[in-house]
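Have your viewer ready and your selection tool at hand. We will make a few stops together, and at each one I'll suggest what to pick next.

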Amino acid sequence: MFHALVSIKQVPDTTNIRIDPETNNLIRQGVPTILNPYDAHAVAAAVEWKRKLGGKVTVITMGPASAVTSLRECIEMGADRAILISDRKFAGADTWATSYVLSEVIKAVHAQEPVDLVFFGKQAIDGDTAQVGPGVAVRLDLPIVTYAVKIHEVDLQNRKVVIERKTESRNEVIRTSLPAALTCEKEIAEIPYASLPDLVYSLRYEPELWTTEGPITFDPSQLGLRGSPTTVFKTGTPEKHKGGEVIKTAELGVENAVKTALDKILAAEGMASLLGVAK
Amino acid sequence: MTRRFWVYIEQENGKPHQVSWELLGVARRLVQDIEDELQKSGDTAVVEGILVGHNVESVAREALHYGADTVYYVDDPAVKHYLNKPYTTVVTELVKKYQPEVMLVGATTLGRDLAGSVATSVGTGLTADTTHLAMGSPKEGEKKLLMATRPAFGGNVIATILCRNHRPQMATVRPRVFSMPERLAEPRGQIVREPIAITPDMVNAEIVEFLTDKASTVNIEYADVIVAGGRGLGNPKGFELIKQLADELGGVVGASRACVDAHWIGYEHQVGQTGKTVRPKLYIAAGISGAIQHKVGMQESDFILAINRDPNAPIFEVATLGIVGDLYEVIPALIREIRARKEAKHG
Ligand SMILES: Cc1cc2nc3c(=O)[nH]c(=O)nc-3n(C[C@H](O)[C@H](O)[C@H](O)COP(=O)(O)OP(=O)(O)OC[C@H]3O[C@@H](n4cnc5c(N)ncnc54)[C@H](O)[C@@H]3O)c2cc1C
Ligand SMILES: Nc1ncnc2c1ncn2[C@@H]1O[C@H](COP(=O)(O)O)[C@@H](O)[C@H]1O
């Protein structure tokens, strides 16, 4: 039996974030939340291997009550069990405090039913830090493969897994022992179409709620803002640049505009020799 | 007291990643930021590199050329290639031994993998993907801290992050955000070999195969000339025209995310917040509107030419020179003009 655990996050759909032009503030209202795209692919991969090997997929998330919808989305994709870790005391956690809570929960789930593979998304699109996966892996002393693009083999008998990852210059195929952790690129698996039974099941599914009151206990000094080594000192909007000259083909004609532009480019220091074009 | 500013020197197969040199330059500037404190306290500050690998002494020497006062070098066949656990263990040990104040790591795939793990095992904070770094007092009179600034919420907001009570203050920094420091002809620093034994319990994974992915050999990050296309191309064939212009200028092809998402071109060409940061000598943006997430990836280029039909496109805000017009008229004319001038030169 294969037991996969996927750690997912609900994030604001950053493609829809707008800045109030007057106040320069983030307009949070009406910004839809979505299941972090990389995490969706991680769930898809976990479900794919569950179907191949037989077993179970557990999904967990730490977040507000509204994250239930993202957990249901995972159930719809074929996950079997979902846990919402939610408590005001978790609020304001940075990646350090987040990885603490997640690793405590993963330990507890593992004690109930041993976990073979822990999946993360490559990164969450709100913070883009890519730190939580490695953080959890270190805390649990799990081997971790980041930027995974393909799971070649899961060998439950010999407790081995073979995973392909992407680095800047090449792909590497890594073999390690189970249990292990991985952070997933989108290539890891296609998002499946939900089957009708899964769809119906997900609609009525109620995730388990874990809080600081139970079923497990957390060290309060490690939680939320207080348990976070980093703090936001200030926020602002990126500085605005001022553009240079603009020429219009409608005024100069295409040929002249292009000639003028090329003259200006070549006038820049070192450009003529770089481009191999005479001034 | 010696205040240590550390840079992780990244190498793969004995080839240093250029971001390491950029970071040595940043670390040197951070030391300058605390000059006043040093004078008052009599403390000294040093810029030091950490290098892990096998038979890569030449990389250590190169780090000295880029301004490291010391390079701590761990040489062992077991760490010839990057693997999370042995590298994390080694770097963590060095951090505990020398207690640096600041540690910078390139925000590459390997660097992010390492930094996240080291920060957790040392028990400190880490700010990812920073774009601006300085040492400054959060309040007047307070000791200076690393002010690590990074974009958040898709680049719409920038946030400055502090790590007050834990050391080192760690940050990952994207390649090409900072310029290269000058290469010293006669470096004065030293290489210190660190005798850390890599024991079998530190190695929990093995690389069974390397696959060279042809696509990933496109390296736009360090190109001098980039011609980038956006959704304004209208269709994937538009990139043939972009490629022609790039070839004519000895450059490479870049793209906006809209084109990558539409599968017109591969991800390795994407410029921007979730793609590559670039700072070529010449960046030509054709049919790219200039969304903030694209601009943060290219606005440090030396010369930016924007070609867009819409005079109000935000790309013109960062362009050194803009041409308002149809790219399907402008680019072919540009190619003709370049060819004509090249011929005039030769004939
Ligand atoms: C979290 C997050 C991360 C992101 N990361 C990135 C990133 O890394 N890189 C990135 O690029 N984007 C990124 N984006 C997306 C970004 O917000 C924009 O959606 C994207 O850059 C738009 O691409 P575009 O300019 O090609 O397309 P559009 O915005 O559609 O612009 C097309 C432009 O082409 C012009 N045009 C049309 N036809 C012609 C013609 N014939 N001749 C001349 N001009 C013409 C139009 O006037 C228009 O300005 C990110 C977004 C989010 C939320
Ligand atoms: N609050 C959270 N709850 C569960 N998983 C999380 C949470 N935050 C991050 N993750 C996981 O960690 C990955 C990387 O997130 P990040 O380090 O924030 O970029 C995500 O893709 C998720 O798999």
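Start by selecting ligand 1 and Arg309(B): in this predicted model, a polar backbone atom of Arg309(B) lies 3.1 Å from a nitrogen atom of the ligand. Next, add Asp326(B), where an N or O atom of the side chain is 2.9 Å from a nitrogen atom of ligand 1. Then show Gln270(B), whose side chain places an N or O atom 2.8 Å from an oxygen atom of the ligand.

Now turn on a surface. Ligand 1 taken alone exposes 990 Å², and the protein buries 85% of that. In chain B, color helix 7 (257-261) and helix 8 (292-295), the elements that each give two or more residues to the shell around ligand 1.

Widen the selection to the whole shell of 27 residues; Arg231(B), Ser256(B), Thr274(B), Ser289(B) and Gln293(B) come nearest to the ligand. Coloring by residue type gives five nonpolar, 17 polar and five charged residues. Color by chain as well: residues from both A and B surround ligand 1, so the site is shared between chains.

For the next stop, move to chain A and select strand 12 (residues 180-184). Is this strand enclosed or open? Five of its five residues are buried, so strand 12 of chain A is largely enclosed by the rest of the structure. Show the side chains: Ala180(A), Leu182(A) and Cys184(A) point one way, while Ala181(A) and Thr183(A) point the other. Side chains in a regular strand alternate between the two faces of the sheet.

Finally, bring in the partners. Strand 8 (residues 117-121) of chain A pairs with strand 12 of chain A in the parallel sense over five bridges, and Val118(A) stands opposite Ala181(A). Strand 9 (residues 144-155) of chain A also runs parallel to strand 12 of chain A, joined by three bridges; here Ile144(A) has Ala181(A) as its bridge partner.

Notes
Residues are numbered from 1 along each chain as its sequence is written. Chains are lettered from A and ligands numbered from 1 in the order in which they are written. This is a predicted model: local features need pLDDT of at least 70, side-chain atom pairs count only at pLDDT 80 or more; totals for chains, interfaces and linings use all residues. Side-chain values use heavy atoms; hydrogens and water are left out. A residue is near a molecule or strand if one of its heavy atoms lies within 4 Å of it. A polar contact is a pair of N or O atoms within 3.5 Å; within protein, one must be able to donate a hydrogen and the other to accept it, and residues adjacent in sequence count only if both atoms are side-chain atoms. Accessible areas come from the Shrake-Rupley method with a 1.4 Å probe; for residues, only the protein chains shown count as cover. Helices (H or I, at least four residues) and strands (E, at least two) are DSSP runs, numbered from the N terminus. Ala, Val, Leu, Ile, Met, Phe, Trp, Tyr, Cys and Pro count as nonpolar, Asp, Glu, Lys and Arg as charged, and the others, Gly among them, as polar. Buried means under 20% relative accessible area, exposed over 50%, partly exposed in between (1.4 Å probe, protein chains only). Two strands pair if DSSP finds at least two bridges between them.
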